[in-house]
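Biologist: Could you take me closely through one part of this model, the nonpolar core and the aromatic residues in it? I would like a connected account that also says how far the prediction can be trusted there.

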Amino acid sequence: MSYMFEVYYKSPVDPVKEAALTECVARFGGRFDFKEGPGEHGPANVCLTYEFDEAARAEAAAESLRRHGEYVEGPMVYGA
């Protein structure tokens, strides 16, 4: 089973921010999984999905990002 969370930030797309978020998540054993950018007719934000093998590591990473002011939804079960 794996676990995931999503990090949202307002557009425009910011590759430097994304690299810093991914580096932080990697320190907790997470890995980047998917990016949904702002759509022409959709939300004006960016969503980054990160995946983890362990729930405790996902929780710790999410809490760390929240302490730094990031908006995080999850963690939640991602799949078997």
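Modeller: Since this is a predicted model, I begin with confidence: the chain averages a pLDDT of 93, and 94% of the residues score at least 70. Among the elements of the chain, helix H2 has the highest mean pLDDT, at 98, whereas strand S4, residues 71-79, has the lowest, at 92.

The largest nonpolar core holds 16 residues, and the members that touch the most others are Phe5, Val7, Tyr50, Phe52 and Leu65. At least two residues of this core come from each of strand S1 (2-10), helix H1 (15-27), strand S3 (45-52) and helix H2 (55-67). As a general background, nonpolar side chains tend to be buried together in soluble globular proteins.

Within this core, phenylalanine 5 and tyrosine 50 deserve the closest look. Phenylalanine 5 has a relative accessibility of 0% and therefore counts as buried, and tyrosine 50 is likewise buried, with a relative accessible area of 0%. A search of the whole structure finds 4 aromatic pairs, and one of them joins phenylalanine 5 to tyrosine 50 in a tilted arrangement, with 6.0 Å from centre to centre and 50° between the planes. Because phenylalanine 5 lies in strand S1 and tyrosine 50 in strand S3, this pair ties together parts that are 45 residues apart in sequence. Both rings belong to one aromatic cluster, whose members are Phe5, Phe32, Tyr50 and Phe52.

The surroundings of tyrosine 50 are mixed in residue type: leaving out residues up to four places away in sequence, tyrosine 50 touches Tyr3, Met4, Phe5, Val7, Leu21, Val25 and Phe32, and also Glu18, Thr22, Arg31 and Asp33.

Two further details involve polar or charged groups. Serine 2, which is placed in strand S1, has a relative accessibility of 8% and so counts as buried; its side chain makes a polar contact of 3.1 Å with the side chain of glutamate 51. Apart from neighbours within four places in sequence, serine 2 is in contact with Glu51 and Phe52, and with Met76, Val77, Tyr78 and Gly79. Elsewhere, the charged end of lysine 17 sits over the ring of tyrosine 9, at 5.6 Å from the centre of that ring.

Key. Residues numbered from 1 in each chain as written. Predicted model: local features only at pLDDT ≥ 70, side-chain atom pairs only at ≥ 80, totals over all residues. Heavy atoms only, no water. Core = buried A, V, L, I, M, F, W, Y, C linked by side-chain atoms within 4.5 Å. Buried < 20%, exposed > 50% of the residue type's maximum accessible area, 1.4 Å probe, protein only. Helix = DSSP H or I, 4+ residues; strand = E, 2+ residues; numbered from the N terminus. Contact = heavy atoms within 4.5 Å. pLDDT = per-residue confidence, 0-100. Phe/Tyr/Trp six-rings, centres within 6.5 Å; stacked < 30°, edge-to-face > 60°. Lys NZ or Arg CZ within 6 Å of the ring centre and 35° of its normal. Polar contact = N/O pair within 3.5 Å; in protein donor to acceptor, adjacent residues only side chain to side chain.
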